[in-house]
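Dear colleague,

I am passing on the structure we spoke about, and below it you will find my notes on what turned up when I went through it. Please read them with the model open beside you.

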Amino acid sequence: MSFYIFGMIKVCHIISGDLWAGAEVMACHLLRELVLTEELRLYVLLLNDGRLAAELREAGLSVTVFDESRCSFTKLAGEVRNFLKKDPPDLIHSHRYKENLLALMGSAGSPRTRLIATQHGLPEENGLSLLQGAKVRANFFLMSRFFDRTVAVSRDIRDHLVQSLGFRDDRVAVIHNGVPIPSENVSPASCVAGFRIGSSGRLCQVKDYPLMVAVASIVCAKRQARFLLAGEGSCRGEIAASITARGLDGRFVLAGHLDDMDSFYRGLDLYLNTSRHEGIPMTILEAMARGVPVVAPAVGGDRRDRRARRGGVPGRRA
């Protein structure tokens with residue numbers, strides 16, 4: 001299937017914006033690049049006001065927020081649909097399952113509007129409730145049947161969509177994540193205060209930070225080292241308890257949410273990723289872009305897309 005659109009292309013991105021995690025960071029980098037393209041007229045619909053909204057407004061993008069916390073999904077879908085009907089876009093690009101459904105409902109009756117979705121990762125299969133599992137299956141069904149393109153951020157995700165979930169091969173493209181290269185190369189931290197190993201992300205099961213604590217226990221038994229973990233999430237209590245149980249208080253620091261990630265990376269000698277599955281982790285790209293060596297498991301995009309982690313600007317996708 002080919003797109004033949006002449007003149008300026010109107011592109012609407014629909015993003016939740018409730019978090020500042022990998023998908024949101026990637027969308028922000030992407031939109032900051034695309035806003036410089038004269039052939040595109042971009043506008044963004046967010047379901048939550050927050051850091052992503054602020055970052056995009058600062059970059060000069062048109063941002064409209066439909067606060068999902070103040071209304072039912074039915075009302076939210078109606079507001080989005082009415083907004084899109086006033087000036088139908090040529091492309092709607094959505095980024096998660098709720099946004100995918102809103103894109104589909106909002107484009108109904110507009111034959112010229114094409115739908116694109118980015119699959120930033122694969123859902124964790126273990127621990128899903130029946131309702132969560134049903135949502136995952138429904139989302140993949142809608143994407144495979146009604147979306148003109150699905151963008152996978154790694155070949156591993158693309159293969160899963162095509163081989164296991166029945167997506168058409170010609171409707172799934174791989175565009176790796178990317179990050180801007182810092183203007184000046186940042187040297188790894190000195191070892192004056194001991195070797196520093198760090199990681200960053202949501203403190204959730206798929207990131208497997210208890211494994212990082214186990215690694216810290218082994219390393220700290222043999223050499224002077226400090227571990228730093230940035231981020232917040234539901235598993236913080238479990239991680240903190242493991243740190244105490246292994247006698248690592250003072251050697252393993254839970255730094256919480258950090259806005260200044262550049263200083264975080266500057267303070268590391270090694271970046272450690274322990275995820276059970278990833279697409280192409282933004283934090284790995286950010287660490288490598290600053291010259292920090294990375295150790296990561298051979299899973300997902302970590303295993304099959306090593307060439308993507310050379311950094312660079314995000315892929316040019318609408």
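Is strand β9 (residues 225-230) largely enclosed by the rest of the structure or left open, and how many of its six residues are buried? Five of the six are buried, so β9 is largely enclosed by the rest of the structure. Please keep in mind throughout that this is a predicted model.

The surroundings of β9 can be followed strand by strand. On one side, strand β8 (residues 195-200) is joined to β9 by six bridges, and the two run parallel; within this pairing, arginine 196 has arginine 226 of β9 as its bridge partner, while phenylalanine 195 stands opposite alanine 225. Between these two strands the chain passes through helix α7 (residues 209-220), and this β-α-β crossover from β8 to β9 is right-handed. Strand β10 (residues 252-256) is also parallel to β9, with four bridges joining the two, and here alanine 230 stands opposite glycine 256 of β10. The chain gets from β9 to β10 by way of helix α8 (residues 236-245), in a β-α-β crossover that is again right-handed.

These strands belong to an open sheet of five, in the order β10-β9-β8-β11-β12 and with parallel pairing. The edges are taken by β10 and β12 (294-295), each of which has a single partner strand, so one side of each is left without a neighbour in the sheet.

Just before β9, in the loop that connects α7 to it, lies arginine 223. Its relative accessible area is 45%, so arginine 223 counts as partly exposed, a class that lies between the 20% limit for buried and the 50% limit for exposed. Once residues up to four places away in sequence are set aside, arginine 223 touches Phe195 and Arg251. The C-alpha atoms of arginine 223 and glycine 194 are separated by 8.7 Å, although these residues are 29 residues apart along the chain.

Elsewhere in the chain, strand β2 (residues 40-46) and strand β3 (residues 62-65) run parallel and are joined by four bridges. Valine 44 has valine 63 of β3 as its bridge partner, and the chain crosses from β2 to β3 through helix α2 (residues 51-58) in a right-handed β-α-β crossover.

Serine 16 may also be worth a look. This residue lies in the loop between β1 (9-15) and α1 (22-34), and with a relative accessible area of 5% serine 16 is buried. Leaving out neighbours within four places in sequence, the contacts of serine 16 are with Leu46, Leu47, Asn48, Glu68, Arg96 and Glu99.

Glu99 in turn is one of the buried residues of helix α4 (residues 97-107), together with Asn100, Leu102, Ala103, Leu104, Gly106 and Ser107. The cover over the buried residues of α4 includes β1, α3 (73-86), β4 (91-94), β5 (114-119) and α5 (130-146). After α4 comes glycine 109, which has a positive phi, near 85°.

As for the protein as a whole, there are 11 helices and 12 strands, and buried residues make up 49% of the 318 residues. Among contacts with a separation of 6 or more, 69% are between residues 24 or more positions apart. The exposed surface comes to about 15200 Å², of which carbon and sulfur atoms supply 53%. The structure holds zero disulfides; two of the cysteines I looked at are cysteine 28, which is buried with a relative accessible area of 3%, and cysteine 71, which also counts as buried at 14% relative accessibility.

Finally, a word on confidence. The mean pLDDT of the protein is 88, and 88% of its residues reach 70 or more. Over residues 306-318, however, the pLDDT is below 50, even though this stretch has 46 contacts in the model beyond near neighbours in sequence. Where pLDDT is low, the predicted coordinates should not be read in detail, and I would ask you to treat the contacts of residues 306-318 with that in mind.

With best wishes

How values were computed
Residues numbered from 1 in each chain as written. Predicted model: local features only at pLDDT ≥ 70, side-chain atom pairs only at ≥ 80, totals over all residues. Heavy atoms only, no water. Buried < 20%, exposed > 50% of the residue type's maximum accessible area, 1.4 Å probe, protein only. Contact = heavy atoms within 4.5 Å. Areas by Shrake-Rupley, 256 points an atom, 1.4 Å probe, with all protein chains shown as cover. Disulfide = S-S within 2.5 Å. pLDDT = per-residue confidence, 0-100. Pairing = 2+ DSSP bridges. Right-handed = clockwise from strand over helix to strand, strands pointing away.
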